[in-house]
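The exercises below are meant to be worked through with the sequence and the model open side by side. Try each task before reading its solution.

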Amino acid sequence: MPLEVQRINEGTVIDHIAAGAGTRVLQILSSSYPLNGMAALIINAPSKKFGRKDIVKIEGVFIDEKIANRIALIAPEASVNIIKGGKVVDKHHVEMPTSLSALVKCPNPKCITNFERAPTTFIHEGKYLRCRHCERVFKPDELA
Ligand SMILES: [Zn+2]
């Protein structure tokens, strides 16, 4: 019998998170929004596409594009379902932005952005992101 998780009437369901990335997605959400309602993390759910996937459900929170972009760094295949009145009113894939500004800190401790509180900008290069200030290249999940 499949694990039953209560449906939510108002909120966001993030589906198709790569197995293992769900806890970090939930961390991003809990540090970005006040989570007053129910939240559920389902790990290793069966998936036709991936074999296994993680799912996060949060009640009373409708995630915005900025946070969806952050989630894309660690779960590039994730889909976002906005639920209102018990129905899916919007469904879209997260998208890794072509450039990320002021969203994340540069992991290079010597980068000038960490001294001058300058806004960071990362440029997409294939599977990697390059800091415009120190020119270092990072994997997306290093920035998330
Ligand atoms: Zn940098």
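The model is predicted, and it is best to begin with a pair of strands: E7 and E8 run antiparallel and are joined by four bridges.

**Exercise 1. Find which residue of E8 is the bridge partner of Ile123, and describe the turn that links E7 to E8.**

Solution. Start from Ile123, whose bridge partner in E8 is Arg130. Then follow the chain from E7 into E8, where two residues lie between the strands of this hairpin, and note that Gly126 in the turn has a positive phi of about 60°.

**Exercise 2. Identify the protein donors of the zinc ion, and work out what geometry the site has.**

Solution. First list the sulfur atoms around the metal: the SG atoms of Cys106, Cys111, Cys131 and Cys134 are the protein donors, lying 2.3 to 2.4 Å from the zinc ion. Next examine the angles among the four donor atoms, which run from 105 to 114°, and because four donors count as tetrahedral if all angles lie between 85 and 135 degrees, the site is tetrahedral. Then read the spacing of the donor residues in sequence, which is C-x4-C-x19-C-x2-C. Finally, place two of them in the fold: Cys106 lies in the loop between strand E6 (99–101) and strand E7 (121–125), whereas Cys131 is in strand E8 (residues 128–131), so this pair ties together parts that are 25 residues apart in sequence. Both Cys106 and Cys131 are buried.

**Exercise 3. Determine which elements build the largest nonpolar core, and which of them gives the largest share.**

Solution. Begin with the members of this 21-residue core that touch the most other members, namely Ile14, Ile17, Val25, Leu29, Ile63, Ile71 and Val94. The elements giving two or more residues to the core are strand E1 (11–18), helix H1 (22–32), strand E3 (51–59), helix H2 (65–74) and strand E4 (79–84), and the largest share, five residues, comes from H2. As a check, inspect Ile63, whose contacts beyond four places in sequence include Ile14, Leu29, Ile71 and Val80. A second, separate core has nine residues, among them Val104, Leu129, Cys131 and Leu143.

**Exercise 4. Decide how the buried residues of H1 are arranged around its axis, and what covers them.**

Solution. Mark Gly22, Val25, Ile28 and Leu29, which are buried in H1. Looking down the axis, the buried residues of H1 fall within an arc of 120°, so they line one face of the helix. The face turned away from that buried side carries the exposed residues Gln27 and Ser31. The cover over the buried residues of H1 includes E1, strand E2 (39–47), E3 and H2.

Technical notes: Residues are numbered from 1 along each chain as its sequence is written. This is a predicted model: local features need pLDDT of at least 70, side-chain atom pairs count only at pLDDT 80 or more; totals for chains, interfaces and linings use all residues. Side-chain values use heavy atoms; hydrogens and water are left out. Donors are N, O and S atoms within 2.8 Å of the metal (3.2 Å for Na, K and Ca); water is not among the atoms, so sites may look incomplete. Four donors count as tetrahedral if all angles lie between 85 and 135 degrees; four count as square planar and six as octahedral if opposite donors are over 155 degrees apart and all others between 65 and 115; anything else is irregular. Buried means under 20% relative accessible area, exposed over 50%, partly exposed in between (1.4 Å probe, protein chains only). Two strands pair if DSSP finds at least two bridges between them. A nonpolar core is a set of buried Ala, Val, Leu, Ile, Met, Phe, Trp, Tyr and Cys residues joined through side-chain atoms within 4.5 Å. Contact means heavy atoms within 4.5 Å. The arc is that of the directions from the helix axis to the C-beta atoms.
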